[in-house]
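Me: I would like to go through the enclosed empty spaces of this protein and the residues around them. Please show me the sequence and the structure before we begin.

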Amino acid sequence: MNTRTFIVRITRPLLGALREYFLSNTDNCERIGFAFGERVDTEQETYFLFAETPLLPADDCYSFRSSSRAELPKEIVDVVTLRFARSPHSVMLNMHSHPFSNGGTAFSGQDDDDDRRFAQYIHGPLRHMLKGRPDIGVDRPLSCLSWVFDHGGLAARVIEADGSFTAIEKIEVIGPHFEIIRPYNAPRPMERSRSRVHDRQRDFIPLSTQEELANLCVGVLGIGGVGRVIAEGLARMGVGEIVAVDHDRLEESNLNRWIGGARRDIGRNKAELLMESLETQVSTKVHAINTRLEDATEHLIRCQLIIACLDDDFPRIQVNRLAAQYLISWFDIGTIIRTGDEGLDFRHRILGVWPGSSACIECTQFEIIAADAYIRGVADKALRAGRKSAGYVVDQPEIDSPSVIGLNLTVAGELLSEFINYFVTSRPTPTQIYKRWRDDYHQRVDAEGFREIPAANCPACGMPLAAGNRIALPRDGSSDQTTWNELAEFRAQRTHKLAEGQ
């Protein structure tokens with residue numbers, strides 16, 4: 001018996017294109033389509049990632065179509081499989097529609113026979129050809145999936161080489177608001193007893209959403225002053241799992257803003273302290289990852305959402321690439337303090353990134369990462385180390401530990417409010433929030449007011465999108481200069497719009 005959990009991640013634009021093709025046809029006849037993707041295996045789960053434009057045959061490509069059956073000529077199917085062989089992808093998804101059904105459709109006996117024949121060809125003759133013809137395509141392990149759409153949803157499964165079927169448990173739709181599709185044939189989720197802990201949220205977080213939160217895994221990167229508050233907020237809202245990543249240890253100078261920290265904790269890892277604190281207070285499972293971000297990939301792949309509370313740009317780039325490659329929505333948070341001639345000012349920024357649907361931190365028109373001068377200086381490790389150790393007062397870096405508890409609570413509260421909105425969608429989820437304290441300037445941008453689509457030549461949103469393990473993530477060291485050079489070249493072609501509107 002297969003005990004692995006199979007999960008699909010698909011970008012909202014791709015799913016929208018499929019729904020329009022399969023469900024908007026006016027002739028009420030069945031249709032067939034194909035999409036290519038990647039497979040990523042973790043210890044217990046398998047993820048199938050889809051973002052690329054699908055192959056959707058025009059009506060005159062079919063040899064036969066009716067309300068219950070559609071057929072493509074062999075030459076059309078051969079073109080599809082040849083494109084797949086020549087591509088770098090490892091997953092073939094074949095789809096069709098049941099236009100006669102309005103909800104609860106299932107794979108028919110004919111579907112079973114067709115899917116087995118197609119999967120046996122993918123796993124057999126096609127794989128054999130790749131082994132012997134490297135001029136056609138790269139030999140790699142292949143997977144075959146099948147979907148059937150109707151007007152209420154879909155059924156989805158994996159077809160193994162031996163012809164057996166395994167149901168897809170859920171489909172995670174990557175976009176500016178949370179969406180999970182449970183296929184008709186998916187295993188039924190376990191029944192949960194209702195907890196009174198979250199009764200006071202029931203008026204604005206429906207029970208069904210609260211149950212989704214209980215099954216949610218959120219990554220919190222950087223368990224500093226902001227990350228500590230956000231992680232506790234997530235746990236108290238009912239998030240089931242938190243992956244807390246931080247290799248830093250609590251220092252005495254952190255105690256002015258690290259809530260829950262005590263002198264007895266000085267010298268201990270922040271992520272482990274967070275785990276001990278939360279698991280004694282709430283039911284959230286916290287995974288403390290005491291390592292650098294670049295060594296935490298296998299833990300973060302499982303997350304449906306990542307919240308990055310980082311104070312250096314290279315880890316931000318690493319998160320951006322990871323989110324793009326594994327199709328994970330994420331929020332980036334930044335805080336700074338300025339002094340200057342006009343007096344003290346607190347500023348914070350929140351950026352929402354929905355891979356495949358929105359621009360990322362590398363191709364957005366807003367200025368998110370450091371200036372080009374910093375990019376050129378990244379090769380100087382002493383400069384990098386000095387910048388990392390500098391404080392939050394950007395115009396006076398010698399001030400290394402300002403009291404920023406108010407700033408931390410402000411940005412954490414705003415992020416947690418947007419986290420709730422990501423699930424209940426009371427208004428469009430923001431792609432950019434920027435706030436200055438001194439003059440009370442507040443800017444909130446969403447896709448309805450200012451839509452930024454991913455740039456095709458972006459170092460993250462281009463070829464790496466949904467690439468999974470096929471492309472190596474940048475690491476601090478030998479690959480960081482290459483990463484910055486790619487980004488500098490791309491940035492030189494774009495004009496960025498500063499949050500202040502300059």
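Me: How many nonpolar, polar and charged residues does the lining of the largest cavity have by class?

Reply: In this predicted model, the residues that line the largest cavity are L351, G352, S358, A359, T364, F366, T431, Q432, V445, F450 and E452. Because Gly counts among the polar residues, G352 of this lining is placed in the polar class. Sorted by class, the lining of the largest cavity therefore comes to five nonpolar, five polar and one charged residues.

Me: Which strands each supply at least two residues of the lining of the largest cavity?

Reply: The lining of this cavity, whose volume is about 90 Å³, includes L351 and G352 as well as T431 and Q432. The first pair falls within the stretch 345-353 and the second pair within 430-436, and the strands that each supply at least two lining residues are β17 and β18.

Me: Which strand gives the most to the lining of the second largest cavity?

Reply: The second largest cavity, with a volume of about 60 Å³, is lined by E172, V173, I174, F178, E179, I180, Q304, S329 and Y422. Both β10 (170-174) and β11 (179-181) supply at least two of these residues. E172, V173 and I174 lie within 170-174, and the strand that gives the most, with three residues, is β10.

Me: How many cavities of 30 Å³ or more does the structure hold?

Reply: The largest cavity has a volume of about 90 Å³ and the second largest a volume of about 60 Å³. With the cut-off set at 30 Å³ or more, the number of cavities that the structure holds is four.

Key
Residues numbered from 1 in each chain as written. Predicted model: local features only at pLDDT ≥ 70, side-chain atom pairs only at ≥ 80, totals over all residues. Heavy atoms only, no water. 1 Å grid on protein atoms, 1.4 Å probe; cavity = no way out; pocket = protein on both sides within 12 Å on 5 of 7 lines; lining within 4 Å. Points joined across faces, edges and corners; volume = space filled by probe spheres on them. Helix = DSSP H or I, 4+ residues; strand = E, 2+ residues; numbered from the N terminus.
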